[in-house]
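Reader: I'd like to learn how to read a structure like this one. Could you walk me through it, feature by feature?

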Amino acid sequence: MSRILDIFTKDALEAARANNTYRSMRLMETPESSRVKIRMPNGASQEQILLASNSYLDLANIDELKQAMAQAVLEWGTGSGGARLTTGNKTPHQELEEFIAKFKGEESAITFNTGYMANVGTISALCGKNDFIFSDELNHASIIDGIRLSRAKCFVYKHNDMADLERAISAAKAEFSTREMPTENAAINATAKQDARPFRGLIVTDAVFSMDGDLANLPELLRIAREQGVMLMIDEAHATGVLGKTGRGLAEHYGCAHADVTVGTLSKAVAAEGGFVAGPKQLTEFLKNKSRSFIFTTAMAPAVAAAACNNLRYIEAHPERVQNLRDNVKFFCDALRREGVNVDLSPSAIVPIVIGDEAKAMQVSAKLQEQGILIPAIRYPTVAKGQARLRASLMATHTHEQLQIAATTIAQIIKSTN
Ligand SMILES: Cc1ncc(COP(=O)(O)O)c(C=O)c1O
């Protein structure tokens, strides 16, 4: 191995191995669905009940949707050939954006190649170094990276703690009011301050928190945003296709108004790939002009855009799928409780089963896999120390029989592992 590569990488890899945070990939040998085959450490293939997927509606492997995507490849080829603002913008991209806007009940939508790029590109376009961002402490990494890129001053508020959020906004406003302009002359300074931009603040939060499965309190966030004169952005990565009677997300769940900026992904319940922002046309026009992760990248393949649009249409036509998912979450949580496992009824598709100890969580997950049940263990630094957990995520197509087997096996293994 070259010495220069060692200098850059060796310590980090050794440290990751030493503190049990070394990451490696599991090989899946079949398409994403509620039952999959995986390659086991001994090289053999084994069937597993998959309780680890973000494909909550299990749309990735439906014949009709696969055929529609294949048809789009035949019609539109394999790649887009350019950025959206050069030659990459094809009919499927436009149709997708129009459909997302309609599905989300917004004036307009803009797509990105991933949800990660949507968050990074939106936050860093909206905010700059003179601005303030208020971020829930459990927000996704893509929100955190967008904040870092923006260079705005960030206040991290306690998870879902609205009083702490209001405190943070007050603190930011106090800081803003004492900010000196770059001059030593007090009179000029006062005039400059009046001419300067007003206080600009952005609250940003996951709609469904990816490790806990709980929800942001949208009605309260809307109230605070309005009262304080700040903007509200929510990330519906785990909410689209999941929350609300027809899967339209957090606002449908609460029956309340929408956030100013709604971000989402097309890669989880929608089972395609890409990210989006939905909101007023002025917002999407702004992002087309200012968002670097929109501008400086090749457009997603038109067939991927077509697949995302077809899959969204399918969700609209099959609200029973969203209801099946909800029924399955309830059945699974009830089954776990009957077996003596302490879980809350999750409002989303994510059911965290907190084990506590990191090593025990890893052992439980490994033993489950041996028994044909795939649920990953999540541990520090993804969650707090001593809060290691199994992160079960459900699909609309799991059978009650599968879920009961999983609940019984989880309970037995937790009891027998020390
Ligand atoms: C809350 C949240 N936001 C954004 C993303 C990124 O979306 P994508 O996978 O489409 O990049 C994820 C997960 O991947 C997520 O969990």
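Author: We'll go through the domains, one helix, a few single residues and then the salt bridges. Keep in mind that this is a predicted model.

Reader: Okay, domains to begin with. Into which domains is the chain divided?

Author: A domain assignment splits the chain into parts. Here, domain 1 takes in 23–52 + 319–416, and domain 2 covers 63–317. Their C-alpha centres lie 29 Å apart.

Reader: How many residues of each domain are in contact with the other?

Author: On the domain 1 side there are 17 residues, in contact with 20 residues of domain 2. The area buried between the two domains is about 1300 Å², and carbon and sulfur atoms give 60% of that. Within domain 1, Pro-319, Val-322 and Pro-347 lose the most area to domain 2, together 34% of what that side buries.

Reader: And how many residue pairs are in polar contact between domain 1 and domain 2?

Author: The count is 6 residue pairs. As for which elements of domain 1 touch domain 2, helix H14, strand E10 (350–356) and strand E13 (388–393) each supply at least two residues. H14 gives the largest share, 6 residues. The rule also finds 1 salt bridge across this interface.

Reader: Let's try a helix. Why does the span of helix H13 agree with its number of residues?

Author: You take the rise per residue and compare the expected span with the distance between the helix ends. With 1.5 Å a residue, the 16 residues of H13 (302–317) should span 22 Å, and the end C-alpha atoms are 23 Å apart, so the two agree.

Reader: Is H13 mostly covered or mostly open?

Author: Mostly covered: 12 of its 16 residues are buried. Among them are Pro-302, Val-304, Cys-309, Asn-311, Leu-312, Tyr-314 and Ile-315. What covers the buried residues of H13 includes helix H2 (63–76), helix H4 (91–104) and helix H14 (319–338). You've met H14 already, in the side of domain 1 that touches domain 2.

Reader: What about single residues? Is Ala-118 buried or exposed?

Author: Here you check the relative accessibility, where buried means under 20%. Ala-118 sits in helix H5 (residues 115–126). Its relative accessibility is 0%, so Ala-118 counts as buried.

Reader: Which residues is Ala-118 in contact with, leaving aside its neighbours within four places in sequence?

Author: Those are Phe-112, Val-263, Gly-275, Phe-276 and Val-277. You can also set distance in sequence beside distance in space. Ala-118 and Ile-133 are 15 residues apart in sequence and 17 Å apart in space, C-alpha to C-alpha.

Reader: Can we do another alanine? Where is Ala-141?

Author: Ala-141 is in helix H6 (residues 141–150). At 42% relative accessibility, Ala-141 counts as partly exposed. Ala-141 and Asn-342 are 201 residues apart in sequence, and their C-alpha atoms are 28 Å apart in space.

Reader: Now the salt bridges. How many salt bridges does a search of the whole structure find?

Author: Side chains of opposite charge can pair when their charged atoms come close. In this model the search finds 23 salt bridges. One of them joins Arg-35 and Glu-47, at 2.6 Å from N to O. That pair links distant parts of the chain, with Arg-35 in strand E1 (residues 35–39) and Glu-47 in strand E2 (residues 45–50), 12 residues apart. Arg-35 is partly exposed at 41% relative accessibility, and Glu-47 is partly exposed at 43%.

Reader: Which parts does the pair of Glu-166 and Arg-223 tie together?

Author: Their side chains meet in a salt bridge of 3.6 Å, N to O. Glu-166 lies in helix H7 (residues 162–178) and Arg-223 in helix H9 (residues 218–228), so the pair ties together parts that are 57 residues apart in sequence. Glu-166 is partly exposed at 23% relative accessibility, as is Arg-223 at 29%.

Reader: How many residues apart are Lys-281 and Glu-285 in helix H11?

Author: They are 4 residues apart, about one turn of the helix, and both lie in H11 (residues 281–290). Lys-281 forms a salt bridge with Glu-285, the closest N and O atoms being 3.5 Å apart. Lys-281 is partly exposed, with a relative accessible area of 43%, and Glu-285 is partly exposed with 31%.

Terms used. Residues numbered from 1 in each chain as written. Predicted model: local features only at pLDDT ≥ 70, side-chain atom pairs only at ≥ 80, totals over all residues. Heavy atoms only, no water. Expected span 1.5 Å × (residues − 1). Buried < 20%, exposed > 50% of the residue type's maximum accessible area, 1.4 Å probe, protein only. Contact = heavy atoms within 4.5 Å. Buried area = accessible area lost by both parts, 1.4 Å probe. Salt bridge = Lys/Arg side-chain N within 4 Å of Asp/Glu carboxyl O. Polar contact = N/O pair within 3.5 Å; in protein donor to acceptor, adjacent residues only side chain to side chain.
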